[in-house]
Amino acid sequence: MAPMLEHQVTSTSIVTSDSSSDGNTPASRSFAGSQSNNIDEAEADEFVEQQLFFVTSYSDFDKLAHGPRGHAAKYTLRVYRFLADGALVLLHIAGEGERVINPAFSRFHPRLNVVYTCTEDIEENGQILAYEIHSDGSLTEIGRVDAGGTSTCYLTIDRDHRHLIAVNYWDSSLVVIPLSKSTGEFNGPIQSIYDPRQGKAMLAAAKKDGGANHSMNDECTIAARQVDPHSHALVLDPFEGCVAYVPDLGKDLVREFWYDKTKGVIGCEFNVLPSGMSTGKPDGPRYFEFHPKFNVAYVVNELSSTVAVFSIDKELLSEIARATKMGLPMDKFKGRSTLKLIQSIKTVPSAFPTTMNTCGRICTHQSGRYVIVSNRGHESITIFRVKQGCGIKGKATRGTLTQVGFFHTRGETPRHFQFDHSGQFLIVANQDSDTIAVFSFNLTSGEIRYTGNEYHIPSPNFICCCPVVDRYSDDEDDQPYERVGYTFTSEDEVRRNKVPSSVVVDSAKRNSLDYLNELELAQKEIAKLKTQLSVLSQLSRG
């Protein structure tokens, strides 16, 4: 197999996520074969701005806990190129339904041209597949492993890029799988597993065996969904990387675990707390998302159509990290939470029946100024403005939300959506109308507008941004190209859009292409900074 290629992250990028990164980072490409150092700025933009989208589809509805109403896909993987005007170009179709069944969550590696996806099956253990993704959109499978549980629904890569953590919705198990830091391939099978049911059998029946359809939100369905625990995501804290937050949809809880990042083990459970206002009605926490700048996190509650806003106790996180480094027992932290609920806000109009809606995805816009949620049933994207300061009377409101508006998604059941890396376009997967639709995003107002770009895809369920970089060595240099550019100390630094403090340069392996790449990167960085300054100027005037 050819050496794995790393992708470049410029200092103006921010990774938006499903709680952690979905891979919304800009790509940087070399001008292979270029004979001149005089690079036209528009041409540089064309190469550097290119990004791919990896889109997955459901193929076997009987194996799902929920009930899609669109058409099952014969091929479950598609790769598109994103153009500057918001259009998509289909490059590749793969994933025959019988070989890649119901891929439903994907994760782009923070540093390599590798994308991971997992299959959703309540009858048999899920599979996690790793693909090298190429600049022409083609995919090369480089590994697959057993997910250790059923209906796999979420993937996280830890900040050292040495472990992939998978969440299994149906049996609620959490598993850790070792990764090769250099290639992104799996370094073996599961090395750690956490089972909140402690080996007990599931009480609820599968949909095809008379169980509930988890797409519904009536009282009977909710009762069936909440008879068992159902982990729906796992997000590591971006400050220390040692606490894992797990929304449990089945028990209306957010669980806090100690994560031993050295050993790759999910350790003791510190604390559990309600995922909402504890009104006595079900909440159903689905995803957990950190704000990129403030000590705030957001939980989208699928069943109550609400977003809960939590403040983060960074001092406690630091204390846990210090205890971890010193090898101290973690028992002293049991019952102590790093979260405090400060707000709950509806995602649908107040008069709209909650029983007719379930929430899908939540993400924070890369600017940190907006939080976005999808509503399945109301068929909308809800956009909230994030308060940037404190209240008039000194009341702390930073990170809390006010509503911008509701925007129809031009389709049914918007299960997922994704920003392009500029943050100016939003691509929505309308699962039950078999379409994806593209919207422009107004950075000043927070409003979206339909671009007219719509594409037919059977039962689309996830859109993953993959900024692939294509690197080549000179003919006279038989050494593989090594990245020359920014080195980030952690995934959090990428997510927070910090300017790197160092540049890695190996003078022994520099060639004309290296200098050309550096020039390309410098020109691109200057152009991006000019754009960023212009946007900030507009925002300050607004």
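Rings of Phe, Tyr and Trp pair if their centres lie within 6.5 Å; planes under 30 degrees apart count as stacked, over 60 as edge-to-face and the rest as tilted. By this rule, a search of the whole structure, a predicted model, finds 17 aromatic pairs.

Two of these pairs are set out here.

| Pair | Centre to centre | Angle between planes | Class |
|---|---|---|---|
| F105 and Y154 | 4.5 Å | 40° | tilted |
| F239 and F290 | 6.1 Å | 90° | edge-to-face |

The F105–Y154 pair links distant parts of the chain. F105 belongs to strand 4 (residues 103–108) and Y154 to strand 8, 49 residues apart. F105 is buried at 0% relative accessibility. Y154 is buried too, with a relative accessible area of 0%. Ring pairs also join F105 and Y154 with Y287 and F462 into a cluster.

F239 sits in the loop between strand 12 (235–236) and strand 13 (243–248), and F290 in strand 16 (residues 285–290), so their pair ties together parts that are 51 residues apart in sequence. F239 is buried, with a relative accessible area of 13%. For F290 the value is 2%, again buried.

Strand 8 also takes part in an open sheet of four strands, ordered 8-9-10-11 with antiparallel pairing. Strand 8 (152–157) and strand 11 (192–194) each have a single partner strand, so one side of each is left without a neighbour in the sheet. Neighbouring strands are turned by 20° against each other on average, direction ignored. Inside the sheet, five bridges join strand 9 (residues 163–168) to strand 10 (residues 174–178). There, V167 stands opposite L174 in strand 10.

A charge also meets a ring: R361 lies over the face of F417, at 5.1 Å from the ring centre.

Definitions and conventions: Residues are numbered from 1 along each chain as its sequence is written. This is a predicted model: local features need pLDDT of at least 70, side-chain atom pairs count only at pLDDT 80 or more; totals for chains, interfaces and linings use all residues. Side-chain values use heavy atoms; hydrogens and water are left out. Two strands pair if DSSP finds at least two bridges between them. Helices (H or I, at least four residues) and strands (E, at least two) are DSSP runs, numbered from the N terminus. Axes are lines fitted to C-alpha atoms, for helices over the stretch in contact, and angles run from 0 to 180 degrees between N-to-C directions. Rings of Phe, Tyr and Trp (its six-membered ring) pair if their centres lie within 6.5 Å; planes under 30 degrees apart count as stacked, over 60 as edge-to-face and the rest as tilted. Buried means under 20% relative accessible area, exposed over 50%, partly exposed in between (1.4 Å probe, protein chains only). A charge sits over a ring if NZ of Lys or CZ of Arg is within 6 Å of the ring centre and within 35 degrees of the ring normal.
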